[in-house]
Amino acid sequence: NSYPRPGGVAALLYFLVASLLLLPNLARAGTPVLRLEGTVAPGTGVDATAFVDGLELVNVATGLPVALPVPNGSFETFGALGNGSYGYNPSGATWAFASFSGIASNGSPFGAAPAPDGQSVAFLQTTSTATGYFSQTLPSLPAGLYQLRLRAAQRSTSTTPQSVRVLADGVVVGTFTPGVAFATYLSASFAVDAPVLRLEAT
């Protein structure tokens, strides 16, 4: 069966609504909040940890990394770590770490796989009481579609596999369950809208 399509203003509204429905993860501010979190629920005897490294934004239109990198996307900048070569919720790391998350350096007792980019990685851990996460507000981005590319690996001593969930402004754009060796993962695309200009009389 064929159905008549609306004309005039109705046709324009039809087109706009259809376009919005097809947009991946509708537009966000030019400075989206990026958050990575573990997915395993806390519980007795649980110790699940995943490592993350080498975060970068990809321009969907070109398939290439954007010129402006994710600040401290390789977790090489941080303050003193509580346990020398690894630590929970470190300061001075650009990212806001919370709960059971932090940074571990190569060769630390924490058992991180060697960093694929630099000397340190971030970790997301679930214990009997809580699950770790970290976030930051990205610098202003031009309007367009983006994806987050990252590398992730499982801690070999995890009692259950930890997954890494990626959110952009609170919307889930990817969930990955890595193996014990670092591998590369790519999120779904998310839209960044143009800055809003406001003119007013003074």
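Glu 37 stands opposite Tyr 133 in β8, and Glu 37 also stands opposite Arg 165 in β10. The model is a predicted one. Its secondary structure amounts to one helix and 13 strands, and along the sequence the helix comes ahead of the strands, in the pattern α-β-β-β-β-β-β-β-β-β-β-β-β-β.

**The five-stranded sheet**

- β1 pairs with strand β8 (residues 133-137) in the antiparallel sense, over five bridges.
- β1 is also joined to β10 by five bridges, and these two strands run antiparallel.
- Both pairings belong to an open sheet of five strands, ordered β5-β8-β1-β10-β11, in which the pairing is antiparallel.
- The edges of this sheet are β5 (96-98) and β11, each of which pairs on one side only.
- On average, neighbouring strands of the sheet are turned by 15 degrees against each other, direction ignored.
- In general, the strands of a sheet pair through backbone hydrogen bonds, in either a parallel or an antiparallel arrangement.

**Nonpolar cores**

- The largest nonpolar core has 31 residues, and those that touch the most other members are Leu 36, Leu 55, Phe 75, Leu 148 and Leu 150.
- Elements giving two or more residues to this core are β1 (33-38), β2 (48-59), β7 (120-126), β9 (144-154), β10 (164-168), β11 (171-176) and β13 (190-192).
- A second, separate core consists of eight residues, among them Phe 51, Ala 112, Ala 115 and Val 121.
- Neighbours within four places in sequence aside, Phe 75 is in contact with Val 52, Asp 53, Leu 55, Trp 95, Phe 97, Ile 103, Ser 120, Val 121, Ala 122 and Phe 134.
- In soluble globular proteins, nonpolar side chains tend to be buried together.

**Aromatic pairs**

- The structure holds 12 aromatic pairs.
- One of them is Tyr 88 with Phe 123, an edge-to-face pair with 5.2 Å centre to centre and 85 degrees between the planes.
- This pair links distant parts of the chain, since Tyr 88 lies in strand β4 (residues 86-88) and Phe 123 in strand β7, 35 residues apart.
- Tyr 88 has 34% relative accessibility and therefore counts as partly exposed, whereas Phe 123 is buried, with a relative accessible area of 0%.
- The rings of Phe 97 and Phe 134 have centres 5.1 Å apart and planes at 40 degrees, so this pair is tilted.
- The pair of Phe 97 and Phe 134 likewise links distant parts of the chain: Phe 97 is in strand β5 and Phe 134 in strand β8, 37 residues apart.
- Phe 97 and Phe 134 are both buried.
- One aromatic cluster is formed by Phe 51, Tyr 86, Tyr 88, Phe 100, Phe 110 and Phe 123.

**Whole-protein figures**

- The protein has 202 residues, of which 42% count as buried.
- About 10,400 Å² is exposed by the protein, and carbon and sulfur atoms supply 59% of that area.
- Among contacts with a separation of 6 or more, 69% are between residues 24 or more positions apart.

Terms used: Residues numbered from 1 in each chain as written. Predicted model: local features only at pLDDT ≥ 70, side-chain atom pairs only at ≥ 80, totals over all residues. Heavy atoms only, no water. Core = buried A, V, L, I, M, F, W, Y, C linked by side-chain atoms within 4.5 Å. Buried < 20%, exposed > 50% of the residue type's maximum accessible area, 1.4 Å probe, protein only. Helix = DSSP H or I, 4+ residues; strand = E, 2+ residues; numbered from the N terminus. Contact = heavy atoms within 4.5 Å. Pairing = 2+ DSSP bridges. Axes fitted to C-alpha atoms, helices over the stretch in contact; angles between N-to-C directions. Areas by Shrake-Rupley, 256 points an atom, 1.4 Å probe, with all protein chains shown as cover. Phe/Tyr/Trp six-rings, centres within 6.5 Å; stacked < 30°, edge-to-face > 60°.
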